[in-house]
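Let's take a walk through this fold, strand by strand and ring by ring. Keep the viewer open and follow along.

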Amino acid sequence: MTSTPRLRPALDGIPAYKAGQPARAGTGTTSFKLSSNENHHDPLPSVLAAAERALRDMHRYPDYGSTALIDALADRLQVPADHLSVGTGSVGMLQQLVQITAGPGDGVVYAWRSFEAYPIMTQIAGATSQPIPLDAEDRHDLPAMLAAIDDTTRLVMVCNPNNPTSTAVGRDALASFLAQVPRDVLVVLDEAYTEFVDPARIPDGLDFYREYPNVAVLRTFSKAYGLAGLRVGYCVAHGPVTEALRKVQVPFGVSTVAQVAAIASLAAEEELFARVSTIVAERDRVVAELGSRGLALADSEANFVWLRLGERTADFAARCDEAGLAVRPVPGEGVRITIGEAQANDRLLAFATQWASQHPDQQ
């Protein structure tokens with residue numbers, strides 16, 4: 001007889017999700033957290049007021065179907081309400097998408113490196129990961145991903161822009177890929193950072209959803225809308241997919257406060273997207289300055305940048321921490337750095353100048 005409960009073998013070896021950590025607090029020095037791709041702006045007063053009013057109903061269960069939020073999203077996106085589902089952030093929706101498509105013996109194709117939740121959710125479901133290396137420019141290698149799809153594949157994840165490398169694939173490449181994916185394979189376009197892209201270069205996934213019944217679009221209120229702490233995201237997909245998503249949703253998972261704040265955020269998009277524009281401008285400044293120092297950068301279409309540092313990754317991250325800057329290292333590969341307030345970005349650039357002068361071989 002065993003002394004502990006028997007748990008699912010599929011859970012063996014699942015890596016724990018690693019959240020971004022704050023920088024160490026130095027004496028007399030402000031520390032900046034650039035490790036979690038958060039929006040550094042404070043909540044808008046109108047959104048905060050709506051959330052505070054919603055707290056008065058905290059003794060009541062939230063609307064199970066997020067009806068008002070779905071109606072607001074349907075109007076904003078011009079899609080049918082029954083093509084929308086809401087969950088606890090885009091990562092919560094991701095887990096539901098894996099649940100409805102893949103189990104033991106099924107395959108899930110995704111780029112690697114990409115969002116670290118993909119292999120975790122796949123393994124939790126007991127499915128098999130089919131990771132495909134990024135190309136030389138840290139973008140999705142869509143031809144290789146297409147070639148990897150086999151009779152076992154049930155789900156394909158395309159993170160666009162890609163986390164952590166900040167890169168994105170263009171319209172023609174994505175259109176060609178989707179035209180060739182078997183129609184019984186669900187393709188999820190994970191667009192958590194879509195508000196930060198250049199729309200002249202990077203497509204809107206909703207255009208492909210409208211064309212292909214096997215395409216779903218995943219988005220979040222955590223980044224551009226600044227609601228990371230409230231956990232609310234959504235998926236746009238055709239009827240059979242959204243119907244299945246509702247079957248596996250966590251009952252009452254999206255709180256009333258989250259639903260109300262998301263609706264208020266949609267009403268305040270002009271103000272919020274003005275903030276997005278300032279983040280994009282800061283991103284472009286940081287990219288130009290880091291590039292001028294000879295550091296190897298990926299093209300960024302997100303609210304973060306990716307430095308290819310290879311074996312120097314851990315040392316760079318540790319020295320950033322000493323300088324009061326928390327960044328997100330991927331050991332042996334590179335560092336993801338969120339675009340923060342101007343003061344944080346200035347400190348990063350000052351640090352990078354010192355780093356580059358001490359490591360000319362990295363240029």
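Strand β6 and strand β7 (residues 215–220) run parallel, joined by four bridges. If you want one place to look for that pairing, Val187 stands opposite Val215 in β7. This is a predicted model, so read everything here as computed from it. To get from β6 to β7, the chain goes by way of helix α7 (residues 205–211), and the three together make a right-handed β-α-β unit.

Now turn to the other neighbour. Strand β5 (residues 153–159) also runs parallel to β6, this time with five bridges, and here Leu155 is the residue facing Leu186 in β6. Again there's a right-handed β-α-β unit, built from β5, helix α6 (residues 171–180) and β6.

So how many residues of β6 are buried? Five of the five in this strand (residues 186–190) are. In a regular strand, side chains alternate between the two faces of the sheet. You can see that in β6: Leu186, Val188 and Asp190 point one way, Val187 and Leu189 point the other, and all are buried. Note that an aspartate, Asp190, is among those buried residues.

Just past β7, have a look at the rings. The whole structure holds 12 aromatic pairs. One of them is Phe221 with Tyr234, a tilted pair with 5.8 Å between centres and 55° between planes. Phe221 sits in the loop between β7 and β8 (233–236), while Tyr234 belongs to strand β8, so the pair ties together parts that are 13 residues apart in sequence. Both of these residues, Phe221 and Tyr234, are buried.

For a contrasting geometry, find Phe316 and Phe351: their centres are 5.2 Å apart and their planes meet at 75°, so this pair counts as edge-to-face. It links distant parts of the chain, with Phe316 in helix α11 and Phe351 in helix α12 (residues 342–358), 35 residues apart. Phe316 and Phe351 are both buried too. Elsewhere, ring pairs join Tyr110, Trp112, Phe115 and Tyr118 into a cluster.

Phe316 brings us to the part of the fold around α11. Here you'll find an open sheet of three strands, ordered β9-β12-β11, with antiparallel pairing. Why do β9 (304–308) and β11 (328–330) each have one side without a neighbour in the sheet? They stand at the edges and each has a single partner strand, so one side of each is left free of a neighbour in the sheet. From one strand to the next, the twist averages 20°.

Zoom in on β11 and strand β12 (residues 334–338), which pair in the antiparallel sense over three bridges. One detail to pick out is Pro329, whose bridge partner in β12 is Val335. Helix α11 (residues 313–322) lies across β9, β11 and β12, running at about 35° to β12. There's also a charge over a ring in this region: the charged end of Arg336 sits over the ring of Phe304, 5.7 Å from its centre.

One last stop is Ser292, which is in helix α10 (residues 269–292). Is Ser292 buried or exposed? With a relative accessible area of 57%, Ser292 is exposed, because the cut-off for that label is over 50%. Measure across to His41 if you like: the two are 251 residues apart in sequence, and their C-alpha atoms are 28 Å apart in space.

Conventions: Residues numbered from 1 in each chain as written. Predicted model: local features only at pLDDT ≥ 70, side-chain atom pairs only at ≥ 80, totals over all residues. Heavy atoms only, no water. Helix = DSSP H or I, 4+ residues; strand = E, 2+ residues; numbered from the N terminus. Buried < 20%, exposed > 50% of the residue type's maximum accessible area, 1.4 Å probe, protein only. Pairing = 2+ DSSP bridges. Axes fitted to C-alpha atoms, helices over the stretch in contact; angles between N-to-C directions. Contact = heavy atoms within 4.5 Å. Right-handed = clockwise from strand over helix to strand, strands pointing away. Phe/Tyr/Trp six-rings, centres within 6.5 Å; stacked < 30°, edge-to-face > 60°. Lys NZ or Arg CZ within 6 Å of the ring centre and 35° of its normal.
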